[in-house]
Structures are given as C-alpha cells and as structure tokens.
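Me: Can you walk me through this model? I'll throw short questions at you and hop around a bit.

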Amino acid sequence: MLLDASEVVSANPMMPESHKRKRATVESIYDTSQAQSSVLERAQEVEVSLDPKFPSLLKVMLPSHVTGGFWLGLPKKFCCEHLPKQDIMIALEDENGEVFETKYLADKVGLSGGWRGFSIAHKLLEGDVIVFHLVTPSKFKVYIVRSNGLDELDGALGLMRLDACKKMDTGDTAACEREESETLEPISEDNAIAFNTKSCPILDHSESESEDDVGFEVLDGLRLSESVVTFEEVKCMDDFNVLVNGLIINSEFSKYILNKYYELCCSQNSFLHEHLLDGLNCKLVAGVISETVNIADAIRACNITTPEGNFSTWDQTLKAFQGLGMNIGFLLARLDQLVSLASKSKRFKEARLEKDQAEEEMRCLEAKLFEVKEAVNRLESEIEMLNTSSENPELVFQEVAKSSW
C-alpha cells in the first residue's frame with residue numbers, strides 16, 4: 001500500500017505546522033507490516049527534530065536501492081524545487097560525519113555514481129528508512145533508521161545528536177546557533193531558486209502531479225509498479241507494461257520494439273518474460289526482450305535462400321533465452337519448421353542438380369557407346385569380307401616369298 005504524504009502528516013498530529021510546510025513528500029512507501037510502520041514513525045520523529053530551515057525527505061529502501069543497479073531515485077518535486085538544474089556531485093554526510101560523494105543526475109532526478117559505495121558501507125537493507133536533510137544545495141546530512149532490529153539504536157543515536165543541538169526547552173539557543181553555523185552552510189539569496197524551502201508544501205496529487213505519476217518513483221527512466229497485472233487484464237497497448245522485479249521497464253525499449261513485443265505477447269496470450277529467473281538485471285532482461293523481437297522479425301522476413309548459419313544462430317540464441325525462462329517455445333517451433341522446409345528445399349535443389357549431372361554423364365556415355373558400336377560393326381564387316389576371300393593370305397605370302405627373281 002502506498003502512503004500519501006498527507007497521510008504521513010495526519011499520522012503525526014504533534015508535528016508543528018511550520019514543519020508541515022517545509023517538508024517534502026514521502027514517496028513510494030509501502031506498508032507490509034506493523035514493524036515497517038514503526039520504522040517509518042521513528043524516521044518521522046528524526047525528521048521532525050531536524051532544523052526546519054532546511055528541507056528534508058524520507059526514503060524507504062527498496063531492492064533497486066540496495067542491490068543490483070544501486071540507483072536511488074528522488075522525488076521529482078523535491079529535486080525541482082531544491083536541487084540544481086544540472087548534473088553535480090552531491091555529498092552525503094552520515095551520522096558519524098563521514099562524507100560520501102555521489103553523482104546527482106538532474107534529468108533523471110536521482111543519485112547514481114557513489115550511491116552504491118554509500119549503501120554498501122552502511123549495509124543498507126530493504127525496508128530501512130533514510131532521512132535526507134538538505135543542508136546546502138549540494139550536501140545532504142543522512143540519518144538511517146533500520147528495519148532489522150538495529151533501528152532503535154541508530155534512531156536513538158541520530159536523535160541524541162539532534163537533541164544536543166535542540167535547546168528549545170532550556171532556552172540555551174546560542175550554543176545551538178553556534179554549532180549550526182559551524183556545520184551548516186547558510187542559504188544565500190543567490191541560491192533561492194534552487195533552494196527554496198517556502199515553496200515546498202505537502203504534495204497534493206490533484207494539483208501538483210499528474211494522475212499517471214501517483215504511486216511511481218523515477219528510477220533511471222524506470223518506474224515502480226503499484227500492483228502486478230495479469231495479461232488477461234491488458235486490453236490494449238496503453239495497458240501493456242513490462243514488469244521486472246517490481247519495476248516497469250517500458251522506457252528501456254523503443255516504441256517499435258515495445259509494440260512488436262506486445263504483439264508477440266498477444267499471440268501467446270501471456271507475458272513472454274513472466275517466468276524469467278528471479279533477480280535478473282533489468283538491462284539484461286530488456287536486452288533479451290529486444291533481441292527476441294529482432295529474431296522474431298528476422299524469422300518473419302527470412303526466405304528460402306537465407307543462409308543456414310542465420311537459422312543456427314537464431315536457434316542457439318532463443319534456446320539460451322528459453323533457459324533463462326523466456327516463453328519463446330513457439331518461436332523455436334516456427335524456426336524448426338522453417339529449418340526443415342529449408343533443408344528439404346535445399347535437398348530438392350541438390351537432387352535436381354545431381355540428376356542433371358547424371359543425365360549429362362549418361363548422354364556422354366551413350367554417345368561413346370554409339371561410337372564403339374559403329375567401330376564394332378565396321379570391323380565385323382571387314383572381318384567377314386576378308387574371311388570369305390578364296391585365297392588364303394598365308395599361303396599366298398609363302399608363295400610370293402619363295403618365288404624366283
């Protein structure tokens with residue numbers, strides 16, 4: 001279940017009104033158990049304790065944040081209002097003061113290079129909640145509230161550091177202000193456009209976001225899916241989404257590839273990638289699907305003269321995809337049928353050629369036989385003529401040899 005930012009505010013009625021105006025939306029939070037809700041509440045307590053002069057946001061760690069691609073998408077509204085409009089390096093300072101440099105991609109509204117190192121160094125897990133406090137346009141102070149039993153410890157450490165500076169009840173505000181001046185960089189008028197806390201109201205989906213953006217998080221062009229949709233529920237191309245590990249990866253494909261893949265899925269009345277092995281990288285899956293479409297197009301466009309090596313390459317590739325779980329048995333069956341027909345056609349042509357060669361050889365042999373028969377007939381006639389002569393050639397020979405000069 002996705003929790004709207006307004007619901008988060010109402011869940012904590014003690015939150016001051018000034019804080020409500022200066023915090024950004026809590027995006028892509030899913031409530032799977034009471035434990036998750038408890039972690040979120042503790043994270044909200046940490047956020048409420050932060051200096052309201054600086055905007056903050058909460059992020060619940062999803063699998064895509066802490067494994068695989070290690071991409072952290074940020075709320076688009078927050079980025080547009082408080083972060084620079086160009087790609088920059090943003091520092092993440094943890095509760096111990098250790099700083100990690102990350103690459104902020106303005107067009108994709110998220111952290112890429114460097115986030116992986118931060119996630120691994122802090123052993124972040126799915127379900128952990130991170131509080132980001134933007135103390136300058138290029139620096140977040142980060143507080144981690146864990147979901148694996150260490151949340152009380154980490155949350156308490158964060159609150160202890162905050163309480164040391166929060167002297168509201170004792171009246172000792174001077175020390176706090178001195179410490180803030182040492183650790184936080186003030187906001188200048190020059191930074192007002194990229195860093196404007198007063199223009200950060202709680203997100204109202206009906207006014208500030210289109211209906212299509214509700215419940216999704218931008219992840220390098222990918223989106224988180226609200227629910228799993230069966231193929232029977234897909235009535236048209238607009239309903240068709242390629243879902244992998246909870247992410248909609250339609251943005252990984254060209255319009256042509258996506259349309260062709262939709263047609264292939266319709267032909268089998270199922271998502272061809274539905275039974276792929278769990279945990280495959282989204283880029284790999286996108287490549288598999290794109291190549292499947294390319295091979296399907298090649299099969300449709302091939303002819304009887306297509307080289308046999310092409311069929312072999314397509315067959316080996318499809319069988320590899322089938323091993324990963326792609327439902328492409330129908331393509332292999334079509335390919336086998338075409339290979340069989342191509343083989344028969346090839347053999348037919350070879351047989352005709354061999355027959356022509358044999359007939360040519362037979363004609364040559366027949367011509368040779370005719371010549372031999374002619375020679376035999378001529379010789380038989382000559383022998384018969386010589387054999388019927390009255391004179392014996394041998395006797396005549398002896399007489400001639402012995403005759404007088």
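Me: Let's start with valine 109. Where is its place?

Reply: Valine 109 sits in the loop between S4 and strand S5 (110–111). Helices and strands here are DSSP runs numbered from the N terminus (H or I with at least four residues for helices, E with at least two for strands). This is a predicted model, where local features need pLDDT of at least 70, side-chain atom pairs count only at pLDDT 80 or more, and totals for chains, interfaces and linings use all residues. Residues are numbered from 1 along each chain as its sequence is written, and side-chain values use heavy atoms, with hydrogens and water left out.

Me: What's the phi of valine 109?

Reply: Near 40°, which is a positive value in a residue other than glycine.

Me: Is valine 109 buried or exposed?

Reply: Valine 109 counts as buried because its relative accessibility is 7%. The cut-offs are under 20% relative accessible area for buried, over 50% for exposed and partly exposed in between, with a 1.4 Å probe and protein chains only.

Me: What about asparagine 245, what's its phi?

Reply: Asparagine 245 has a positive phi too, about 55°, although it is not a glycine. You'll find asparagine 245 in the loop between strand S10 (243–244) and strand S11 (247–248). With a relative accessible area of 46%, asparagine 245 is partly exposed.

Me: Back to S4. Which residues is threonine 102 in contact with?

Reply: Threonine 102 is in strand S4 (residues 99–105). Leaving aside neighbours within four places in sequence, threonine 102 is in contact with Ile88, Met89, Ile90, Leu92, Leu111, Gly113, Gly114 and Trp115. Contact means heavy atoms within 4.5 Å. At 0% relative accessibility, threonine 102 counts as buried.

Me: And phenylalanine 140, where's its place?

Reply: In strand S7 (residues 139–145). Phenylalanine 140 counts as buried, at 0% relative accessibility. Its contacts, again without neighbours within four places in sequence, include Phe78, Leu83, Ile90, Leu92 and Phe132.

Me: How many residues apart along the chain are phenylalanine 140 and phenylalanine 54?

Reply: They are 86 residues apart, and their C-alpha atoms are separated by 9.9 Å. For another pair, take leucine 40 and glycine 127, which are 87 residues apart along the chain with C-alpha atoms separated by 9.3 Å. Leucine 40 belongs to helix H3 (residues 34–48), and leucine 40 is buried with a relative accessible area of 6%.

Me: OK, helices. At what angle do H11 and H12 pack?

Reply: About 145°, with the axes of helix H11 (residues 282–301) and helix H12 (residues 308–324) 11 Å apart. Those axes are lines fitted to C-alpha atoms over the stretch in contact, and angles run from 0 to 180 degrees between N-to-C directions.

Me: Which residues make the contact?

Reply: From H11 it's Val288, Glu291, Thr292, Ile295, Ala298 and Ile299, and from H12 it's Trp314, Thr317, Leu318, Phe321 and Leu324. By class, that contact has 8 nonpolar, 2 polar and 1 charged residues. Here Ala, Val, Leu, Ile, Met, Phe, Trp, Tyr, Cys and Pro count as nonpolar, Asp, Glu, Lys and Arg as charged, and the others, Gly among them, as polar.

Me: Where is methionine 326?

Reply: Methionine 326 is in the loop between H12 and helix H13 (329–387). Not counting residues up to four places away in sequence, methionine 326 touches, among others, Val288, Thr292 and Phe321, and those three also take part in the contact of H11 with H12. The C-alpha atoms of methionine 326 and leucine 276 are separated by 5.7 Å, with their places 50 residues apart along the chain. At 3% relative accessibility, methionine 326 counts as buried.

Me: How many disulfides does the structure hold?

Reply: It holds 0 disulfides, a disulfide being a pair of cysteine sulfur atoms within 2.5 Å. For cysteine 265, the nearest cysteine sulfur is that of cysteine 266, 7.1 Å away. Cysteine 265 counts as buried at 0% relative accessibility.

Me: Last one, the whole chain. How many helices and strands are there?

Reply: The protein chain has 14 helices and 11 strands. Of its 405 residues, 39% count as buried.
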